[in-house]
Amino acid sequence: MKGDHVGSLLRTEPIKRARAACAKGEIHKATLKEVEDQEIEKLVQMSIYSGTIWLIDSFHLLET
């Protein structure tokens, strides 16, 4: 089974495109990580803007 989400958030189109390009060898893994990091930052900022104050990852509980 292949999921196209991370937690409760859908992967963004830039992440989907970067993952596909990485799988084809068109971009390096480091570039994929940069795209993922940029998109995660956007999602964090959107969460802050929308009033969501708790962000949870598999290791940390962060209060914004």
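**Warm-up**

Among contacts in the protein between residues at least 6 apart in sequence, what percentage join residues at least 24 apart? The share is 11%, where contact means heavy atoms within 4.5 Å.

Before going on, some ground rules. This is a predicted model, with residues numbered from 1 along each chain as its sequence is written, and local features need pLDDT of at least 70, while side-chain atom pairs count only at pLDDT 80 or more. Totals for chains, interfaces and linings use all residues, and side-chain values use heavy atoms, with hydrogens and water left out.

**Exercise 1. Lay out the elements of the chain and say how much of it is buried.**

Step 1: Count the elements. The protein has two helices and four strands. Helices (H or I, at least four residues) and strands (E, at least two) are DSSP runs, numbered from the N terminus.

Step 2: Put them in order. Starting at the N terminus, you read β-β-α-α-β-β.

Step 3: Check burial. Of the 64 residues, 17% are buried. Buried means under 20% relative accessible area, exposed over 50%, and partly exposed in between (1.4 Å probe, protein chains only).

Step 4: Look at the surface. About 5500 Å² is exposed, and carbon and sulfur atoms supply 61% of that. These areas come from the Shrake-Rupley method with a 1.4 Å probe; for residues, only the protein chains shown count as cover.

**Exercise 2. Work out which way helix α1 faces.**

Step 1: Find the buried residues. In α1 they are I15, A18, A21 and C22.

Step 2: Look down the axis. The buried residues of α1 fall within an arc of 130°, so they line one face of the helix. The arc is that of the directions from the helix axis to the C-beta atoms.

Step 3: Turn to the opposite face. There you find the exposed residues R17 and A23.

Step 4: Name the partner. The buried residues of α1 pack against α2.

Step 5: See what follows the helix. Just after α1, G25 has a positive phi of about 80°.

**Exercise 3. Do the same for α2, and test its length.**

Step 1: Check the span. With 22 residues at 1.5 Å each, α2 should span 32 Å, and its end C-alpha atoms are 31 Å apart, which agrees. The expected span is 1.5 Å times one less than the number of residues in the helix.

Step 2: List the buried residues. For α2 they are L32, V35, E36, E39 and S47.

Step 3: Find their face. Down the axis of α2, the buried residues fall within an arc of 115°, so they line one face of the helix.

Step 4: Check the other side. A30, Q38 and Y49 are exposed there.

Step 5: Move past the end. G51, just after α2, takes a positive phi of about 95°.

**Exercise 4. Find the largest nonpolar core and trace where its residues come from.**

Step 1: Pick out the members. The core has five residues: I15, A18, C22, L32 and V35. A nonpolar core is a set of buried Ala, Val, Leu, Ile, Met, Phe, Trp, Tyr and Cys residues joined through side-chain atoms within 4.5 Å.

Step 2: Assign them to elements. α1 (13-23) and α2 (29-50) are the elements that give two or more residues to this core. The largest share, three residues, comes from α1.

Step 3: Zoom in on V35. Leaving aside its neighbours within four places in sequence, V35 is in contact with P14, I15 and A18.

**Exercise 5. Sort three of the salt bridges by where their partners sit.**

Step 1: Get the total. The structure holds four salt bridges, each a side-chain nitrogen of Lys or Arg within 4 Å of a carboxyl oxygen of Asp or Glu.

Step 2: Start in α1. E13 pairs with K16, with the closest N and O atoms 3.3 Å apart. Both lie in α1, three residues apart, about one turn of the helix. E13 is partly exposed at 45% relative accessible area, and K16 is partly exposed at 30%.

Step 3: Cross between helices. E36 and R19 meet in a salt bridge at 3.2 Å, N to O. This pair links distant parts of the chain, with E36 in α2 and R19 in α1, 17 residues apart. E36 counts as buried at 19% relative accessibility, whereas R19 counts as partly exposed at 38%.

Step 4: Finish in α2. The side chains of D37 and K33 meet at 2.8 Å, N to O. Being four residues apart in α2, D37 and K33 are separated by about one helical turn.
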